[in-house]
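Trainee: I am new to this structure and would like to look closely at one part instead of skimming over everything. Could you pick a part and walk me through it, step by step?

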Amino acid sequence: TRSGKEDAETGPLAAALGSPDVTLATGARVLRLIAGSGGRIDGVEVERGGTRQVIRAGTVVVAAGAVK
């Protein structure tokens, strides 16, 4: 941005969401991180809308806080 400041909406998140390989799961509460072989995190167990779900991916990013 011209001001030199970025937030989640105008920064890297907006660019990443343009990729078909990226999914943003809002309103999800992370219950646990799942480690694969070698101890690398390759999934998360979340609760969203009263339903538990395991999401696995080659790259896992967990962010906490508010995103507009």
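Mentor: Read from the start of the sequence, the pattern is α-β-β-β, which comes from 1 helix and 3 strands. Please keep in mind that this is a predicted model. Of the 68 residues in the protein, 9% are buried. The accessible surface comes to about 5,500 Å², and 52% of that belongs to carbon and sulfur atoms. Among the contacts with a separation of 6 or more, 9% are between residues 24 or more positions apart.

The part I would pick is strand 2, which covers residues 41-48. Let us begin with Gly43, which sits in this strand. Is Gly43 buried or exposed? Its relative accessibility is 0%, so Gly43 counts as buried, the cut-off being under 20%. Which residues does Gly43 touch, once its neighbours within four places in sequence are set aside? They are Leu33, Ile34, Ile55, Arg56 and Val60. Two of these can be placed right away: Leu33 falls within strand 1 (residues 29-35), and Ile55 falls within strand 3 (51-56). Gly43 can also be paired with Ala57, which is 14 residues away along the chain, while the two C-alpha atoms are separated by 5.9 Å.

Now for the charged side chains of strand 2. The structure holds 4 salt bridges, and we can follow several of them from here. Glu47 pairs with Arg29, with 2.6 Å between the closest N and O atoms. Here distant parts of the chain are linked, as Glu47 belongs to strand 2 and Arg29 to strand 1, 18 residues apart. Glu47 has a relative accessible area of 24%, so this residue is partly exposed.

Glu45 makes a salt bridge too, this time with Arg32, and again the closest N and O atoms are 2.6 Å apart. Because Glu45 lies in strand 2 and Arg32 in strand 1, this pair ties together parts that are 13 residues apart in sequence. How do the two partners compare with the cut-offs? Glu45 has 12% relative accessibility, which means that it counts as buried. Arg32, with a relative accessible area of 44%, is partly exposed.

Strand 2 is linked to strand 3 in a similar way. The side chain of Asp42 meets that of Arg56 in a salt bridge, 2.9 Å from N to O. Asp42 is in strand 2 and Arg56 in strand 3, so to speak two distant parts of the chain, 14 residues apart. Arg56 is exposed because its relative accessible area is 52%, and the cut-off is over 50%. Asp42 is partly exposed, at 23%. There is also a network: salt bridges that share partners join Arg32, Glu45 and Arg52. You have already met Arg56 in another role, as one of the residues in contact with Gly43.

Staying with strand 3 for a moment, look at Gln53, which lies in it. At 37% relative accessibility, Gln53 is partly exposed. Beyond its neighbours within four places in sequence, Gln53 is in contact with Val44, Glu45, Val46 and Arg48. Each of these four falls within the 41-48 range of strand 2. Gln53 can also be compared with Leu31: the two are 22 residues apart in sequence, and their C-alpha atoms are 9.7 Å apart.

Strand 2 also takes part in the largest pocket, whose volume is about 1,000 Å³. The pocket is lined by 25 residues, and Thr23, Leu24, Ala25, Val61 and Val62 are the closest to its centre. Which elements give two or more residues to this lining? They are helix 1 (12-16) and strand 2. The largest share, 3 residues, comes from strand 2.

One last stop is the surface. Ile41, at the start of the 41-48 range, joins Val30, Leu33 and Val62 in a nonpolar surface patch with about 300 Å² of accessible area together. Val62 is found in the segment after strand 3. With a relative accessible area of 48%, Val62 is partly exposed. Val62 therefore appears twice in our tour, in this patch and among the residues closest to the centre of the largest pocket.

Notes. Residues are numbered from 1 along each chain as its sequence is written. This is a predicted model: local features need pLDDT of at least 70, side-chain atom pairs count only at pLDDT 80 or more; totals for chains, interfaces and linings use all residues. Side-chain values use heavy atoms; hydrogens and water are left out. Patches are made of residues with over 30% relative accessible area and no salt bridge: like charges are joined within 9 Å, nonpolar side chains (Val, Leu, Ile, Met, Phe, Trp, Tyr) within 5 Å. Accessible areas come from the Shrake-Rupley method with a 1.4 Å probe; for residues, only the protein chains shown count as cover. Buried means under 20% relative accessible area, exposed over 50%, partly exposed in between (1.4 Å probe, protein chains only). Contact means heavy atoms within 4.5 Å. On a 1 Å grid over the protein atoms alone, a cavity is a set of points where a 1.4 Å probe fits but cannot get out, and a pocket is an open set with protein on both sides within 12 Å along at least five of seven lines; lining residues have an atom within 4 Å of a point. Grid points are joined across faces, edges and corners, and a volume is the space filled by probe spheres set on the points.
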